[in-house]
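Grab a pencil and work through these short exercises with the model open beside you. Each one comes with a solution to check yourself against.

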Amino acid sequence: MNEIICPHCHKAFKIDEAGYADILKQVRDGEFERSLHERLELAEKEKKSAVALAEATIKGDLEKEAVKKDAEIARLQEEMKTRVELARTKTAGELKDEAAKKDAEIERLKQELKSAEVAKKLALKETLGAVEKERDGLAQELAQAKKDYQTAAQLAEEKRINELQKAASAKDAEIQGLQAKLEASATAQKLAITEALGAVEKERDELKNGLKQAALEKELAEKSLKDKYLTQIKDRDDTIERLKDMKAKLSTKMVGETLEQHCEIEFARIRHTAFPRAYFEKDNDASTGSKGDFIFRDTDENGTEAVSIMFEMKNENDGTATKKKNEDFLKELDKDRTEKGCEYAVLVSLLEPDNELYNGGIVDVSHRFPKMYVVRPQFFLPIITLLRNAAQHALQYKNELALVKAQNIDITNFEDELESFKTAFGNNYRLASEKFKAAIDEIDKSIKHLEKTKEALIGTDRNLRLANDKAQDVTIKKLTRKNPTMAAKFAEVKKEGPGEEG
C-alpha cells in the first residue's frame, strides 16, 4: 500500500500497487505528451527564426552587393563623362569604340546584378529546404521516441505485474508474522500504558491541585487589591465632587440649612456692626399675586431711605428633574421689585453651577432689566455692601447738589466727585473679581491633580485584569514545556493511544 497526500486538502490516503501504478502511468503519459508538444513548438519556433535570419542575412548581403554595383556604375558613368570631355578632340571612330566598351561594361554589371538576385533566391530556397528537412526529421524522431516509450511502458507494466504478484505473496506471509508478534506484545503494551497513565494522571492531579490553589490565592489577592483601589477611587471621586461643589459655592456652608436660611444667618451675623439701621426681612406680602424672598432697606441718620433691594433666592436642589436657568426668574423678580417699590433687584442663585459667567463673580444683567444683578451666595454680603455704599454716596451727593443749587454754586465739583466715586467703585470691583478668579484657578488645579490620580488607579486595575488573563491562559501543556520527562510521557501516551484502540 502506498500513501498519497492530496495537494488541495493536504489529507493522506492509501492506494494499492495497481492503482498507484495506474496513476504513475497517467502522470508519465501526460508528461511525455506535454514534453512532445513543447519540443514540436520549439522546433517550429527555431524554423521560423532560422528562416527569418537567413532572409535577413541574404537580404543584407544583396543590398551590400547592390550598393557596391551602384557605386561602380556611378563611378563608370563619371569616368565616362570625364573621358567624353577629354575625347572631344579625338576622332569619331575612337569615341564610338570607347562608348561601345563602356556600354559593354555596363551590360556586364547588370548581368552580375541579375545573377546575384538569382543566387539570393536559390540560397533562400536551399535554407528553407534544410530547415523543413530538419523539422521533418525531428518530428519522425519524436514519433519514434513516443513509440519506443509506449513499448517500454508496456514491457515495464508486464514486469511490474509479475513483481507485484511475488511481492504480494511475500507480504502476506510477513503480515501473518507481524500479526502474531502484535498479539504477543499487546498484553505488555497495555500493562506499560496502564503504568504510564497512572503516573501521568497522578502528576496531572497534583498539577491541577497546584493550579487551583494558585488560582484561589490569585483571586483572593486580586479581590483584595481591587477592593483597595475601588475604595481609593471612591475617595478620590468624593473629593472631586466636594471640590466641584466648593467651586460652585466657594466659602458657603450649606450643611443642614437652605439657601434662604444661609443668607438670613449671614446677614444677622454682621447686622449690628455693618447695617445698624437696615431692614432685612422676608417678603410676606402676596397681595399683588406674587412676592420675593427678602427685602433690604437702609436709611441714613435722618431716616431718609438710601437704598432698597428685592432679593430672590434660588437653590439648585429646589428645582425639579428639569433644571431651571437663572434667565427664567429675572422677569418675575423685576415685577416683584417694581410692585414693592425697591430700587435694585438681586438674584442669589445656585443654578447653572458649571456656567463660568455666574461663577466669575457679580453679574450685571441691567441690559435685560434695570438695576438687576445675579450673584452666587458668597457674594450676597458684598453686593449689599457695594449697593449700600454707592447709594450713600449718591444720597450725599444729592443733598450736596440740593445745597449747591440753593446757594447757586457751580456743580462742576459734584460731577468730579461722582466720577471719582465711579472710578473707585470700579477698582474695588476689579480687585474683588481678580481674587475670586485666583481662588477658582486653585480649585481647578486640585481637581485636575485628583483626576490624574484616578486615571492612575484605573490603569492599575487594567494591569490586574491583564495579569488575570495571562493566568487563565496557563495550561498543563505550557507547564510541562520545559519538563522533558513529562513531555516525553505525554508524547508517548498520545502516540500509543491510537494503537491501543486499533
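**Exercise 1.** Find where Lys371 lies and what is notable about its phi.

Step 1: Lys371 lies in the loop between strand 7 (363-364) and strand 8. Strands here are DSSP runs of E with at least two residues, helices are runs of H or I with at least four, and both are numbered from the N terminus.

Step 2: Its phi is positive, about 55 degrees, although Lys371 is not a glycine. Most residues other than glycine have a negative phi.

Step 3: Now try Glu352, another non-glycine with a positive phi, near 50 degrees. Glu352 sits in the loop between strand 6 (344-349) and helix 5 (356-359).

A quick note on the ground rules: this is a predicted model, where local features need pLDDT of at least 70, side-chain atom pairs count only at pLDDT 80 or more, and totals for chains, interfaces and linings use all residues. Residues are numbered from 1 along each chain as its sequence is written, and side-chain values use heavy atoms, with hydrogens and water left out.

**Exercise 2.** Work out which parts the salt bridge between Asp298 and Arg388 ties together.

Step 1: A salt bridge needs a side-chain nitrogen of Lys or Arg within 4 Å of a carboxyl oxygen of Asp or Glu. For Asp298 and Arg388, the closest N and O atoms are 3.2 Å apart.

Step 2: Asp298 belongs to strand 4 (residues 294-299) and Arg388 to helix 6 (residues 380-406), so the pair ties together parts 90 residues apart in sequence.

Step 3: Searching the whole structure turns up 12 salt bridges.

**Exercise 3.** Say where the confidence is lowest and where it is highest.

Step 1: pLDDT is the predictor's confidence in each residue, from 0 to 100. Helix 8 (residues 476-479) has the lowest mean, 66, and strand 8 (residues 372-375) the highest, 95.
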